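Student: Could you take a close look at the salt bridges here and walk me through them?

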Amino acid sequence: MPAEKASEDAVLGGRLVLRQPLRGHRVGHDAILLAAATAAQPGQHAVDLGAGVGGAGLALARRIEGLNVTLVEIDPASTALANGNAERNGLSDRVRAVRLDVESSAADFIAAGLAPGSAACVLMNPPFNVAQQPSPDRVRRTAHAASDQTLRQWLRTAARLLHAGGIVTLIWRADGLADVLAALDKDFGAIAVLPVHPKPGAAAIRVLVRATKGNRSPLALLPGFLLADAGGKPTAAAEAVLRAAEALSLTGN
């Protein structure tokens, strides 16, 4: 991507530098919150579905030394940027990006080195349903627009990639929580839901959801996470996650 069409931006308090397009979909709080909420261990394999330029997957790899991460992205320019970002941050020995549609067949995933049952955890920020006025930017439109089956299809892919007991973590619109729970019902259980609120007294804008493949334990609704206090200042908890790269616990089960 030409230099004049991209920027290099520091996230996680400068712990990660990401090259990304000036226009279109850009890494924001959602990706960092998703990475912080993903539980993984050194030596495991994590797959970031719809990774874009790699924000969430690379933030996860930065936090957990020894974790291997595959970034799955459909857009060729974003895939190239993601691989470049892995190298830029000294993570290319254990993070790679592959160009692949999340809804591709199992055979396509196997050809890309992603066999069924090969992942301990999957993280995803699926496209949100956009009914009106989709973005004119193709990459941004792909990242945000979805059909009514997109979430189910992405979770089917996650279930195929995960071994028994593997964990999927996703971030979604808070007003779409019912859709998430319905889509998880077939393959996942032990669901933990963390609402994310912009400030005290405000309705949640996002939900972070963690679920375990093949586990039928009951759902846990966790206390909400506040991004800012009543005065608009970031909370200490938000600063710890967004700038200090601390984990965000979803241990409700």
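Tutor: Sure, definition up front: a salt bridge is a side-chain nitrogen of Lys or Arg within 4 Å of a carboxyl oxygen of Asp or Glu. Keep in mind that this is a predicted model, where local features need pLDDT of at least 70 and side-chain atom pairs count only at pLDDT 80 or more, while totals for chains, interfaces and linings use all residues. Residues are numbered from 1 along each chain as its sequence is written, and side-chain values use heavy atoms, leaving out hydrogens and water. As for pLDDT, that's the predictor's confidence in each residue, from 0 to 100, and the protein averages 91.

Searching the whole structure turns up 7 salt bridges. One of them joins R26 and D9, with the closest N and O atoms 2.9 Å apart. R26 lies in the loop between β2 (16–21) and α1 (29–37) and D9 in strand β1 (residues 6–11), so this pair ties together parts that are 17 residues apart in sequence (helices, H or I with at least four residues, and strands, E with at least two, are DSSP runs numbered from the N terminus).

How open are these side chains? R26 is partly exposed at 30% relative accessibility, and D9 is partly exposed too, at 22%. (Buried means under 20% relative accessible area, exposed over 50%, and partly exposed in between, using a 1.4 Å probe and protein chains only.)

Next, E239 pairs with R243, their closest N and O atoms being 4.0 Å apart. Here E239 is partly exposed at 34%, and R243 is partly exposed at 47%. Finally, R173 and D175 meet at 2.7 Å, N to O, and D175 counts as exposed at 65%.
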